[in-house]
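Trainee: Can we go through this model together? I'd like to start with its pockets and work outward from there.

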Amino acid sequence: TPYTLKHIQGNMKQLIIKNNFKYYAAFMITLIRFFFDIATLRANPQDLTASSFMMMATTAAYCFLSFTISLIELSFLKAAVSALVDTGLLVALAVISLWIADSLERRIQTITALAGAGALLQLIAWPILFWLSRSAEATDNALLFIPRWGLLLLVIWNVLVIAHILRHALSVALPITFGISVLYIYFSIRIANMIFLAPGVG
């Protein structure tokens, strides 16, 4: 496609007004490619322009995918709560980290990058979690190790992606942001387990 990410972001109003499939297709292809590049550590959050529309769109996509993943194991209400909390934690991670680093002007690009790359990883996680859920019902399933290892590798990948984004957003060394990412994932999992076990929700 001849459309670059910045070209499409700069022409967001025309994209909406024209309601042209060519523009939408170019936008989606370029956007997915960009977030794939972030997920493979080849692109940085500063490559994005600061677009509030993009931030809201990617955050909504992240929340929706988190909800659909949660529905694999949770009731509708618990899944909705889990998705909202998950999204809130992601936004809080970006805002608090940038506030401490005195770089809040980068919040839109950072949240967009975290939500966009996170949504892409959730798409990959969905079939793995679905397989794990169904395999867990069979006590003699010899292939259960495959989704378990797949999920572990995905968690490690997620930690690396978050560390990569925060490294550029905060302008600090990778070991520091790697530690922040590990803590974030740990507390996210703990909170998710609390929601799963909560008797009064759903």
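Trainee: Which residues lie nearest the centre of the largest pocket?

Mentor: Bear in mind that this is a predicted model, where local features need pLDDT of at least 70, side-chain atom pairs count only at pLDDT 80 or more, and totals for chains, interfaces and linings use all residues. Residues are numbered from 1 along each chain as its sequence is written, and side-chain values use heavy atoms, without hydrogens or water. A pocket here is an open set of points on a 1 Å grid over the protein atoms alone where a 1.4 Å probe fits, with protein on both sides within 12 Å along at least five of seven lines, and lining residues have an atom within 4 Å of a point. Of the 36 residues lining the largest pocket, the ones nearest its centre are Ile69, Leu129, Leu151, Ile189 and Ala192.

Trainee: And which element gives the largest share of that lining?

Mentor: Helices are DSSP runs (H or I, at least four residues), numbered from the N terminus. H4, H5, H6, H7 and H8 each give two or more residues to the lining of the largest pocket. The largest share is nine residues, and these come from H8.

Trainee: What volume does the largest pocket have?

Mentor: Look at the walls before the space. By class, the lining has 25 nonpolar, nine polar and two charged residues, where Ala, Val, Leu, Ile, Met, Phe, Trp, Tyr, Cys and Pro count as nonpolar, Asp, Glu, Lys and Arg as charged, and the others as polar. The space filled by probe spheres set on the grid points comes to about 1200 Å³.

Trainee: How many charged residues are in the lining of the second largest pocket?

Mentor: That pocket holds about 310 Å³ of space, and 14 residues line it, with Met28, Leu31, Ile32, Phe35 and Ala61 closest to its centre. H3, H4 and H6 are the elements that give two or more residues to this lining. The tally by class is 12 nonpolar and two polar, and the number of charged residues is zero.

Trainee: Let's step back to the whole chain. What percentage of its residues count as buried?

Mentor: The fold is built from eight helices and zero strands. Among contacts (heavy atoms within 4.5 Å) with a separation of 6 or more, 66% join residues 24 or more positions apart. Buried means under 20% relative accessible area, exposed over 50% and partly exposed in between, with a 1.4 Å probe and protein chains only. Of the 202 residues, the share that counts as buried is 42%.

Trainee: Which helix gives the most residues to the largest nonpolar core?

Mentor: A nonpolar core is a set of buried Ala, Val, Leu, Ile, Met, Phe, Trp, Tyr and Cys residues joined through side-chain atoms within 4.5 Å. This one has 36 residues, with Ile38, Val161, Ile162, Ile165 and Tyr184 making the most contacts inside it. H3, H4, H5, H6, H7 and H8 each supply at least two. The top contributor, with 10 residues, is H6.

Trainee: Which H7 residues does Ile38 touch?

Mentor: H7 covers 145-170. Skipping residues up to four places away in sequence, Ile38 touches Ala43, Asn44, Ala113 and Ala117. The rest of its partners are Val161, His164 and Ile165.

Trainee: Is Thr59 buried or exposed?

Mentor: Thr59 sits in H4. Beyond its neighbours within four places in sequence, Thr59 contacts Thr87, Val91, Ile111 and Ala115. Its relative accessibility is 17%, so Thr59 counts as buried.

Trainee: How far apart are the end C-alpha atoms of H7?

Mentor: The expected span is 1.5 Å times one less than the number of residues. H7 has 26 residues, so it should span 38 Å. The ends agree with that, at 37 Å.

Trainee: Which residue with positive phi follows H7?

Mentor: Most residues other than glycine have a negative phi. The residue in question lies in the loop between H7 and H8 and is exposed, with a relative accessible area of 52%. Its phi is near 60°, and the residue is Ser171.

Trainee: Where does Asp102, with its positive phi, lie?

Mentor: Phi of Asp102 is near 55°. At 67% relative accessible area, Asp102 is exposed. Its place is the loop between H5 and H6.
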